[in-house]
Amino acid sequence: MKTQIVLFFVLLSGFGMAQPNAFVDSVAEAYDRYREPTLEHRRFKHADILPLIDALGEDDRVTVHPAGKSVEGRSLSIAEIGEGPTTIFMWTQMHGDEPTATRATFDFFNFLLAEDEFDEFRRKLLAETTIYAMIMVNPDGAERFTRRNAMDIDLNRDAATLATPEARSLMSAFLEIQPDYAFNLHDQKSRYAAGEKDPATQATISFLAPAFNEAKEWNENRKRATRLISIMIEALETRIPDGIGKYNDDYESRAFGDAFQAKGAATILIESGAHPGDPEREIARRMNFVAYLAAFDAIIDGRVDDYPTDRYDRLPMNDDDLFHLLITGGTARVAKGEFRADVGVNREERNYNNATESYVVSEALAVGDLSDERALEVFDATGMTIEPGAVSEKTISSLEELETLDVDSLLRAGVTAVRLEGENVKEGPSPKPITVTLLERRREPFETAVKRRADLTIRENGDVRAVVVNGFVIDFKTGEGAVRNGLIIR
Ligand SMILES: [Zn+2]
């Protein structure tokens, strides 16, 4: 039975490659056992991981080393496990809004500390390697869910200057550990595609063996990184086919990955990305877990040095120019007339409620012939007209009054916004899937109107076929689509 399943995957993969590692497959199947249940959402904070760090410290097999403090005094620490001569250093979330690998690293420690049918592997791994994990390097950024630290510095441009306490801690840890392997763990934008395929597929995981000089030369540790990445690709390619990309390899002397590659560690960048229908990035989280496992298994098996690099070499480059939504083939209709227009829309996430929640603000960034552009979602408006969404005739005097409106009927009539008069509200998510505007109603030229907000009405034979509210399509003909949140605009 097992053989048949493996054979099936080999056939499915279509490359005629060697069969995937059966051990990695069986641990991956058991992943839910190890998944850290307290990190259910992306927007956890330093206070949420402290109990997990403490719990690691209470286990005899783990030593937790204090590693300094952030600008605002939050503790940094390094969890150490294993007693072997091969040293592995992983660090996560040096960008505060990139939490996926923090979750995966706790999952991985849960795996390492469990007792089950994989004990033989654990014994071997911990006898042959020592793993150091600096989890959440930028806790102040995590607090605000921002990339930068509390000094507004990007820690990954501070590897040379070391102006921030967090960067100094990371550099000292590296210099003290002198790791053989360094895992630089980040998140990437949802608008990254893996390669140039059309339609585009999201890069759920990207890899890079960072360059160590401007000429992007190859030394032994950078080559070793590409072999190890090839092993990780092998473990992931049947799980997220078309979802793996290669990150930009331009040399950046101020970045830690590049600096550590230059200092002799085989350094690997893993970027976690989105996957269709997975805004919490649970798939990337699981893929991180599988990638670490495959890498460490190969390290203790001595397979890294002979492993071919072709999987890394042929990995498609990431493309970060995608639109979230592209409306193609339509005709824009405005007061002054009609013209042929595609519309490209992007959705940007904003923090609120102390960065424990987020809402989306969408913009129609481009109008015109966008036939060379790609998007994560395409609405074919061929033969249809696109016009700025209408504002309701009736104004409301409070957000509560919105509850009394039949929003569905308004949308079906091509009304995408309601005007609020008399209450002072902040920008934020609307309680209903419709825009709430405090702006005076006025007729705008098409481009200005769509640039201000991605609220559109799409008509087919004169009837409302679909609306776009805050960058999300609802197609009344197919019943598809939903608005993540309407927007209150000041
Ligand atoms: Zn990052």
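Let's start with two helices, α2 and α10. Helix α2 covers residues 22-29, and helix α10 covers residues 282-301. They pack at an angle of about 150°, with their axes 10 Å apart. This is a predicted model, so keep that in mind throughout. The crossing of α2 and α10 is right-handed.

Which residues of α2 meet α10? Phe23, Val24, Val27 and Ala28 do. On the α10 side, they meet Val290, Leu293, Ala294 and Asp297. By class, that contact has seven nonpolar residues, no polar ones and one charged one.

Next, the eight-stranded sheet. The sheet is open, and its pairing is mixed. Read the order with me: β1-β2-β4-β3-β5-β9-β7-β8. Which strands stand at the edges? They are β1 and β8, the latter at residues 244-246. Each has a single partner strand, so one side of each is left without a neighbour in the sheet. From one strand to the next, the twist averages 20°.

Look inside that sheet at β5 and β9. Strand β5 is residues 181-187, and strand β9 is residues 266-272. They pair in the parallel sense, over seven bridges. Find Asp187, and you will see Ser272 of β9 opposite. Now add the helices. Helix α3, residues 46-58, packs on the sheet and touches β1 and β2. The direction of α3 makes about 135° with that of β1. Our earlier helix, α10, packs on the sheet too, touching β3, β4, β5, β7 and β9. Its direction makes about 160° with that of β9.

Back to β1, at residues 62-69. It pairs with β2, residues 75-81, in the antiparallel sense. Six bridges hold that pairing in the count. For one partner pair, take Val64: its bridge partner in β2 is Ala79. The two strands form a hairpin, with five residues between them. In the turn, Gly73 has a positive phi of about 90°.

Now helix α7, residues 165-177. It has 13 residues. From first C-alpha to last it reaches 18 Å, close to the 18 Å expected at 1.5 Å a residue. Several of its residues are buried, including Pro165, Leu170 and Phe174. What do the buried residues of α7 pack against? The list is β1, β2, β3 (86-92), β4 (129-134) and α9 (256-262). Just after α7, Gln178 takes a positive phi of about 50°.

Now some single residues. Phe108 is in helix α4, residues 100-113. Is Phe108 buried or exposed? Phe108 counts as buried, because it has 24 C-beta neighbours inside 10 Å and the cut-off for buried is 20 or more. Leaving aside residues up to four places away in sequence, Phe108 touches Phe289 and Tyr292. Asn288 is 180 residues from Phe108 in sequence, yet their C-alpha atoms are 9.1 Å apart in space.

Gln93 sits in the loop between β3 and α4. Its phi is near 55°, a positive value in a residue other than glycine. Gln93 is buried, with 27 other C-beta atoms within 10 Å.

Set Asn461 beside it. Asn461 lies in the loop between β20 (456-460) and β21 (463-469). Asn461 is not a glycine either, and has a positive phi of about 50°. But Asn461 counts as exposed, with 8 C-beta neighbours inside 10 Å.

Two more loops. Pro199 is found between β6 (193-194) and β7 (205-208). The peptide bond from Asp198 to Pro199 is cis, with omega near 5°. Then there is Gly383, in the loop between β14 (375-380) and β15 (385-388). Gly383 is exposed, with 11 other C-beta atoms within 10 Å. Gly330 is 53 residues away from Gly383 along the chain, and their C-alpha atoms are separated by 6.1 Å.

Last stop: the five-stranded sheet. It is open, with mixed pairing, in the order β16-β17-β19-β23-β18. The edges are β16 (390-391) and β18 (428-430), each with a single partner strand, so one side of each is left without a neighbour in the sheet. Strand β18 runs antiparallel to β23, residues 486-489, and three bridges join them. One bridge to find on screen: Gly428, whose partner in β23 is Ile488.

Technical notes. Residues numbered from 1 in each chain as written. Predicted model: local features only at pLDDT ≥ 70, side-chain atom pairs only at ≥ 80, totals over all residues. Pairing = 2+ DSSP bridges. Helix = DSSP H or I, 4+ residues; strand = E, 2+ residues; numbered from the N terminus. Expected span 1.5 Å × (residues − 1). Buried ≥ 20, exposed ≤ 12 C-beta atoms within 10 Å, placed from the backbone. Contact = placed C-beta atoms within 7 Å. Axes fitted to C-alpha atoms, helices over the stretch in contact; angles between N-to-C directions. Left-handed = near helix turned anticlockwise from the far one by under 90°. Nonpolar A, V, L, I, M, F, W, Y, C, P; charged D, E, K, R; others polar.
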